[in-house]
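Subject: Structure handover, with notes

Dear colleague,

I am passing on the structure we discussed, together with some notes on what I found in it. Please read the notes with the coordinates open beside them.

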Amino acid sequence: MPARRSRLSSGAAISTENKKRSLHEPEDEIVSPRRNKRGRYSAEYRKSKSASPVEANTPRKSTKQGSTNSKARRTAKEIITEEPYVEEDSKATYYEVKVEVNAEEETITTKSTTKRKTKGEKEAEMSPLGIRTKGLQMFVGAHVSAAKGVQNSIVNSVHIGGNAFALFLKSQRKWDNPPLQDEHKEQFRKFCLDHQYDASKYILPHGSYLVNLAQEEEAKAKQAFDSFLDDLRRCEQLGIKLYNFHPGAVGQSTLESAISRLANALTKALSETETVTPVLETMCGHGTTIGGPLSELGAVISQIPEKFHSRIGVCIDTCHSFAYGYDLVSPEGFNSFMQEFDDKIGLKFLRALHLNDSKAPQGSKRDLHANIGTGFLGLRAFHNVMNEERFQGLPMILETPIDRPGPDIGGSNKSKPIEDKSVWAREIKLLESLIGMDPESSEFRSLEAQLSDEGRAERQKHQEQYERKLETEAKKKQKSLAKGQKNLDDMFKGRKGGPKKPKTTDLNTSESRPVE
Ligand SMILES: [Zn+2]
Ligand SMILES: [Zn+2]
């Protein structure tokens, strides 16, 4: 429906994207020139997987043909494919924002083609990009769009072959949202039955990035709590039992008080709901964020009354925990991470996983999601994950980037990124294929090498950035130490028989640990 699309202003969409960018670092990294090299490995591991109808229309193949006709056809197809995500209401997620921009622009340039193709393309839209694998103990899926109503998330998950999925229950950029419509709720429950998704186990909504339950300021804390509770109630209305959210940030306060505020807010929310389990996500420890060290999440849970312990959980985000500093790559490192999880939190609280590779190195404390196998985690880490028996039965959600350069409209060289959901369809199959695979086999080794090669330039870029940052920090530290030493020297110069001059190393101890 072109009319609906044209109602979207690209200005609005762009400003939303900017907002998202400020809240969640990955955005500025998602559009990467490396993305168009994806074809190399995907073509490789796609061979043994089910062929996808959309793959036959990817620019990779179309550009090879070089015909304007095929290019137009491909563009039209992409518009139709994305149509369900172009939405006038408030439920658009950050994944959709970019689609809105693209769909709108592409509509303008290929209007006639779109009209002509509608019927056939709509049929193609129904063909899944991936077929769901039945009978697995690992439930892999992605964070899909819920635009135009929560019920659409189910269709979108089926489309990519996901056995689990995440969604936003309301707009991520607004505090006030209309309640779920009865019709949407009914459809959601019906679609769950139709498509055999157990909403109580494999659907993991993601909380709003605006919400900080550790907020110190009273009015803001109330706003955050109300929004959080509203989301939990939406879960209960939909029969969803798990709800993932970010633990929040310390801000200007202390870690100790922030953890107490968070635990108190959770306790209150738990006492006002009945069936839903809030799930704390592990974080990368950027700034004053809570949840980098596993011990912080353990501390939160320990302050929640035991009667609620069956309804509180933790979600491991592989990218976040690695970026915080945990080694998830070597099997030994991975095992000690699991051991620490059990020691500091308790494995019974583990309820879900977010599966993302990391563009930034271990310990960088940067939240930059990479496609599976292309980041610093690499395929080996995901082999650990997919073969970890303690993860069986948990929802595993991809939040990996799916943008790739769009078609070069009118030869203007202005390529706008478009979403390619077949990336998720392939990553789901890739992860599932790791179950039981011998990591020493040539099959694993070559997959690992191909994916690693694809992400090499991106990794190098972030490695250099990280090293520069460390260098600057070291210089700063030296400077302030030198300054402190000079002050002390000045102080002691005039004194006779004063206290012994402290060694430089003593000064180091006065450095406080950054609040995570
Ligand atoms: Zn996550
Ligand atoms: Zn993240």
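The notes below take the metal sites, then the cysteines, then the aromatic rings.

Please keep in mind throughout that this is a predicted model.

Metal sites

The zinc ion (ligand 1) is held by four protein donors, namely Glu-281 (OE), Asp-317 (OD), His-354 (ND1) and Glu-399 (OE), at distances of 2.0 to 2.2 Å. The angles subtended by these four donor atoms run from 88 to 179 degrees, and the arrangement is therefore irregular. For a tetrahedral label all angles would have to lie between 85 and 135 degrees, and the upper end of the range found here, 179 degrees, does not meet that condition. Along the sequence the donor residues follow the spacing E-x35-D-x36-H-x44-E. Within this set, Glu-281 belongs to strand 4 (residues 277-281) while Glu-399 sits in the loop between strand 9 (395-398) and strand 10 (403-405), so the pair ties together parts of the chain that are 118 residues apart in sequence. Glu-281 is buried, with a relative accessible area of 0%, and Glu-399 is buried as well, at 5%.

The zinc ion (ligand 2) has as its protein donors His-320 (NE2), two entries for Asp-367 (OD), and His-369 (NE2), which lie 2.1 to 2.5 Å from the ion. This site is also irregular, with angles of 54 to 132 degrees among its four donor atoms, and the donor residues are spaced H-x46-D-x1-H in sequence. The distance between the zinc ion (ligand 2) and the zinc ion (ligand 1) is 4.5 Å. His-320, in helix 14 (residues 318-324), and Asp-367, in the loop between strand 7 (357-358) and strand 8 (369-370), form a pair that links distant parts of the chain, 47 residues apart. Both of these residues, His-320 and Asp-367, are buried.

Cysteines

How many disulfides does a search of the whole structure find? The search returns zero. Cys-284 is in no disulfide, and the nearest cysteine sulfur, which belongs to Cys-319, is 7.2 Å away, whereas a disulfide would need the two sulfur atoms within 2.5 Å. Cys-284 counts as buried at 5% relative accessibility, and Cys-192 likewise counts as buried, at 6%.

Aromatic rings

The structure holds nine aromatic pairs. One of them joins Phe-228 and Phe-245 edge-to-face, with 4.9 Å from centre to centre and 70 degrees between the planes. This pair links distant parts of the chain, since Phe-228 is in helix 11 (residues 218-238) and Phe-245 in strand 3 (residues 242-245), 17 residues apart. Phe-228 is buried at 1% relative accessibility, and Phe-245 is buried with a relative accessible area of 4%. Ring pairs also bring in Tyr-243, linking Phe-228, Tyr-243 and Phe-245 into a cluster.

A further edge-to-face pair is formed by Tyr-326 and Phe-337, at 5.1 Å centre to centre and with 65 degrees between the planes. Tyr-326 lies in the loop between helix 14 and helix 15 (331-344), and Phe-337 lies in helix 15, 11 residues apart; both Tyr-326 and Phe-337 are buried. Finally, Arg-132 lies over the face of Tyr-197, at 3.9 Å from the ring centre.

With best regards

Technical notes: Residues are numbered from 1 along each chain as its sequence is written. Chains are lettered from A and ligands numbered from 1 in the order in which they are written. This is a predicted model: local features need pLDDT of at least 70, side-chain atom pairs count only at pLDDT 80 or more; totals for chains, interfaces and linings use all residues. Side-chain values use heavy atoms; hydrogens and water are left out. Donors are N, O and S atoms within 2.8 Å of the metal (3.2 Å for Na, K and Ca); water is not among the atoms, so sites may look incomplete. Four donors count as tetrahedral if all angles lie between 85 and 135 degrees; four count as square planar and six as octahedral if opposite donors are over 155 degrees apart and all others between 65 and 115; anything else is irregular. Helices (H or I, at least four residues) and strands (E, at least two) are DSSP runs, numbered from the N terminus. Buried means under 20% relative accessible area, exposed over 50%, partly exposed in between (1.4 Å probe, protein chains only). Rings of Phe, Tyr and Trp (its six-membered ring) pair if their centres lie within 6.5 Å; planes under 30 degrees apart count as stacked, over 60 as edge-to-face and the rest as tilted. A charge sits over a ring if NZ of Lys or CZ of Arg is within 6 Å of the ring centre and within 35 degrees of the ring normal.
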